[in-house]
Amino acid sequence: MLSLFVTVLVFTGVVCSSDSRASQDVHSPSENYLMSIWHNRLYVYSAAALLFGVWLSLKMALKNKSFSKDAALWVRKAEQKNNSSSDRDAEVHVSGVKIFYGSQTGTAKGFANELSEEVNTLGIPAEVIDMKDYDPDDQLADECVSKSVCVFLVATYTDGQPTENAEWFCKWLEEASTDFRYGKTYLKGLRYAVFGLGNSVYVGHYNTVGKNVDKWLWMLSGKRIMTRGEGDCNVVKSRNGSVQADFQAWKVKFVNRLQALARGEKKSCNGNCKTGGSCKNKKKEKQEEEERAAAQNNSSEEELIESSSDEEESGPSDEKKSGSVVDMEDLGNIMNSIKKAKAKGEVQGDGQMVKLSKLNGVKRVEDEEERREMITPALREALTKQGYKLIGSHSGVKLCRWTKSMLRGRGGCYKHTFYGIESHRCMETTPSLACANKCVFCWRHHTNPVGTEWRWKMDPAEKILQDAVEKHQSMIRQFRGVPGVKPERYEEGLSVKHCALSLVGEPIMYPEINAFIRLLHFYRISSFLVTNAQFPQEIRSLVPVTQLYVSVDASTKDSLKKIDRPLFKDFWPRFLDSLRALGEKRQRTVYRLTLVKAWNVEEMQAYSELIALGQPDFIEVKGVTYCGESSASSLTMANVPWHQEVVAFVQQLADMLPQYEIACEHEHSNCLLIAHTKASLAMQQAAFF
């Protein structure tokens, strides 16, 4: 095809050439030039086509080269985009969790270690920090930019004060929250969560420290990642049955929230709403700023309305659905509903009585017919470890060391010396492990529950006595064949003849205490009952016992509060009224004085006045027993008086009491007995079973 095309071109050229030569003689030169071009037009067209082809080829080549460059650039941009996307995916949103604890008895510390282990399983570093080892002035502000989450597990101690290891941290935080030199944005960027430990029995001081720490951090622009949790040692009012269960429930929510933060989810709105409408979060932020400014000007005693956490702002949660978190914009509706509920006194729901609590209108269901057990699983484990044989849901029995001593034919306790009680036939028990005090010299280091009234399930008196005797006999049988145990003492020990209701707790709180005492006397078992002088009406209604004790641990209001740490706000009037009630009893009565060196041994005149108030038959004065180091008490061996010091105290006290005299002494127990002059005749007539 190509050869045919070339042949045609050549033939045409030859023809045209001959034609041009023939016509050159006829036309002028210019006309000849034009005619020549016309006759050779095919060459012109061919040259033009060739040039156009070359130009088109060059253009296509350049375009292909440019496209390859653009493609390479596009590939590089795509790779960079993918890399940046992967970098964003790999961005660390939570660098670690720092868990601060303020603990007195070790509960908050145990929770901190438990939470640390849980966080570590998520692959997030966790650090447990004792508040006394942390300087907030130098270090806390660094947490705002470290992408860490700070958790504060803080317990409330006596009178709503922080624990000893958290005192400085809380003091600094309180001062910083109201100090203009720090500014209200000092902790902006700090993400935190708070869990408080307390006891709702202490009305007015429940979880005060947890609430304050939460408030102070918020006033410094810290960001809550979730609503504050509260653990209640009072099993009756605890939402989950115990402080341990409260913490477990809070921990689950915290871990879920932490996982969401680690994934970068639920970020706060930046205010640039696509709809162009008013931003809800902007309103909240503006309102929070106003509240912070107002909080810094107001007294620290004012309880601020708790603002929403980052979790609640981001979207709906289980708590929000259940009504535990309330939007500020809905506060007006809630207040109206609360007013209506107050007018009615209660709200009906699902056939149960529903009461409104003070916390953001939260509904709490209380079934009056269902009561919780006093002994929680954790408490049962702790008391069992201490050697208690637990009975039912609120009672216990334990073998005294003097019982073991007398089984071996050795000496007995001071009750044997003072009143003739045989220690190997004595059963030490209590129908109530709960107490209304938290004494600094408590033998049980405050492992027993506390309360101001009976709010637990109740076991019948017959069952308690039957199980107590059986468990006591079971412990006695363990000494059968033990070297040194006297066979006759062993046989006698199986027959209980005396019951000391002084093991632990407050036995007079048990609603059926009178039935229990009658059963003891029916089986010819004598009874010594000890009460802590906080239940005057119960003392008055108590049936006669063989001997009724009242603990007089201090003689002034301040020292009693310091030593006994009572739960009642009106503890001093109750104390005095209990002594009056004791004086009204027509039976043998005893004051028990426990001397704590440097605490209550200098109040001689006040003691004599209290003795005149109750006119007891006997006064037992005993030096405090040191039960080992405990985070719940600051007592040391230095607070234990020498026996000579106890003797000197008793002699001085007896000289101030004309109707009393020193009757007996038991040096091994560091104890002396002062008796009323009328008591000698009463002791001769008393019958010990």
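**Salt bridges, helix packing and a nonpolar patch**

At 14% relative accessibility, Arg228 counts as buried, because a residue is called buried when its relative accessible area is under 20%. This value, like the others reported here, was computed from a predicted model. The side chain of Arg228 meets that of Glu230 in a salt bridge, with a distance of 3.1 Å from N to O, and Glu230, at 27% relative accessibility, counts as partly exposed. Both residues belong to a network of salt bridges in which Asp214 and Arg224 are also linked. Side chains of opposite charge can pair when their charged atoms come close, and the structure holds 18 salt bridges.

Another set of charged pairs involves Arg540, which counts as partly exposed because its relative accessibility is 29%. The side chain of Arg540 forms a salt bridge with that of Asp577, at 2.8 Å from N to O; this pair links distant parts of the chain, since Arg540 lies in helix α19 (residues 536–541) and Asp577 in helix α21, 37 residues apart. Arg540 also meets Glu584 through a salt bridge between their side chains, at 3.1 Å from N to O. Glu584 lies in helix α21 and Arg540 in helix α19, so this pair ties together parts that are 44 residues apart in sequence.

Helix α21, which spans residues 571–584, packs with helix α22, residues 604–614, at an angle of about 45 degrees, and the axes of the two helices are 7 Å apart. The helices α21 and α22 are therefore oblique to each other. On the side of α21, the contact is made by Phe575, Leu576, Leu579, Arg580, Leu582 and Gly583, whereas α22 contributes Leu610, Leu613 and Gly614.

A nonpolar patch of about 740 Å² is found on the surface, made by Tyr33, Leu34, Ile37, Trp38, Leu42, Val44 and Tyr45. Helices α2 (29–39) and α3 (41–89) each supply at least two residues of this patch, and the largest share, four residues, comes from α2. Tyr33 has its place in helix α2 and counts as exposed because its relative accessibility is 57%.

For the chain as a whole, the secondary structure comes to 24 helices and 19 strands. Of the 689 residues in the chain, 47% are buried, while the accessible surface comes to about 35,900 Å², of which 53% belongs to carbon and sulfur atoms. Among contacts in the chain with a separation of 6 or more, 75% are accounted for by residues 24 or more positions apart.

Conventions
Residues are numbered from 1 along each chain as its sequence is written. This is a predicted model: local features need pLDDT of at least 70, side-chain atom pairs count only at pLDDT 80 or more; totals for chains, interfaces and linings use all residues. Side-chain values use heavy atoms; hydrogens and water are left out. Patches are made of residues with over 30% relative accessible area and no salt bridge: like charges are joined within 9 Å, nonpolar side chains (Val, Leu, Ile, Met, Phe, Trp, Tyr) within 5 Å. Accessible areas come from the Shrake-Rupley method with a 1.4 Å probe; for residues, only the protein chains shown count as cover. A salt bridge is a side-chain nitrogen of Lys or Arg within 4 Å of a carboxyl oxygen of Asp or Glu. Buried means under 20% relative accessible area, exposed over 50%, partly exposed in between (1.4 Å probe, protein chains only). Axes are lines fitted to C-alpha atoms, for helices over the stretch in contact, and angles run from 0 to 180 degrees between N-to-C directions. Angles under 35 degrees count as roughly parallel, over 145 as roughly antiparallel, 65 to 115 as roughly perpendicular and the rest as oblique. Contact means heavy atoms within 4.5 Å.
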